[in-house]
Amino acid sequence: DEPCTRLVVEFDVTTYTVKEGEDFVNLEVVKLGETSSDIALNFLLGMEGDTAEGGKDYGPFAVPVGSLLGILPSDQNRLCFGVLLKDDSLMENTEYFTVRLEVSTLEPPPSGLQLGQNKAVITIIDNDYIHECDTNNG
């Protein structure tokens, strides 16, 4: 039996700001409480309403999570993973995308597990600018 304590898994930080041209953004999930079981988690990229486009502006996941499934071992309180960012030469407004955390149904979750902050929003600031020409070159 699991101990009768609160067990929460959530994003450590829920808002990130990165510049287009950076290789990836690192996100971290933390576990609050103790369990003797590993926790299987799904990470879902993008939500309706996001302004950044998957495959064009970001994605897929970077190592160590190579897919949408991550395992938080029972003896660890943190799981770090990255999402790849993509650079382009288009002038764009600031864009954002969301990463959502869910408990996987692949394995039965530990008793009493709750999700805390389960969405992280990543804002991408464009790195493509209009360069003004100097017309006073005499």
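Helices (H or I, at least four residues) and strands (E, at least two) are taken here as DSSP runs, numbered from the N terminus. On that basis the protein, which is a predicted model, follows the pattern β-β-β-β-β-β-β-β-β-β when read along the sequence, with zero helices and 10 strands. The average pLDDT of the protein is 85, and 85% of the residues score at least 70. Over residues 63-67, however, the pLDDT is below 50, and this stretch has six contacts in the model beyond near neighbours in sequence.

**The five-stranded sheet**

Five of the strands form an open sheet with mixed pairing, in the order E2-E10-E8-E4-E6. Its edge strands are E2 (15-19) and E6 (69-72), each of which pairs on one side only. On average, and with direction ignored, neighbouring strands of this sheet are turned by 25 degrees against each other.

Two of the pairings can be set out in detail, each with one residue pair.

| Strand pair | Direction | Bridges | Residue pair |
|---|---|---|---|
| E8 (residues 95-103) and E10 (residues 119-125) | antiparallel | six bridges | arginine 100 and lysine 119 |
| E4 (residues 39-45) and E6 | antiparallel | four bridges | asparagine 42 and leucine 69 |

In the pairing of E8 with E10, lysine 119 in E10 is the bridge partner of arginine 100, while leucine 69 in E6 stands opposite asparagine 42. In a regular strand the side chains alternate between the two faces of the sheet. For the edge strand E6, the covered face holds Gly70 and Leu72, whereas Leu69 and Ile71 lie on the uncovered one.

**The nonpolar core and the surface**

Which residues touch the most other members of the largest nonpolar core? Within this core of 26 residues, they are Leu27 and Phe43. The elements that give two or more residues to the core are E1 (7-11), E2, E3 (24-32), E4, E5 (58-62), E7 (78-85), E8 and E10. Among these, E7 gives the most, with four residues.

Across the protein, buried residues make up 36% of the 138 residues, and the accessible surface comes to about 8200 Å², of which 50% belongs to carbon and sulfur atoms. Of the contacts with a separation of 6 or more, 77% are accounted for by residues 24 or more positions apart.

Key. Residues are numbered from 1 along each chain as its sequence is written. This is a predicted model: local features need pLDDT of at least 70, side-chain atom pairs count only at pLDDT 80 or more; totals for chains, interfaces and linings use all residues. Side-chain values use heavy atoms; hydrogens and water are left out. Two strands pair if DSSP finds at least two bridges between them. Axes are lines fitted to C-alpha atoms, for helices over the stretch in contact, and angles run from 0 to 180 degrees between N-to-C directions. pLDDT is the predictor's confidence in each residue, from 0 to 100. Contact means heavy atoms within 4.5 Å. Buried means under 20% relative accessible area, exposed over 50%, partly exposed in between (1.4 Å probe, protein chains only). A nonpolar core is a set of buried Ala, Val, Leu, Ile, Met, Phe, Trp, Tyr and Cys residues joined through side-chain atoms within 4.5 Å. Accessible areas come from the Shrake-Rupley method with a 1.4 Å probe; for residues, only the protein chains shown count as cover.
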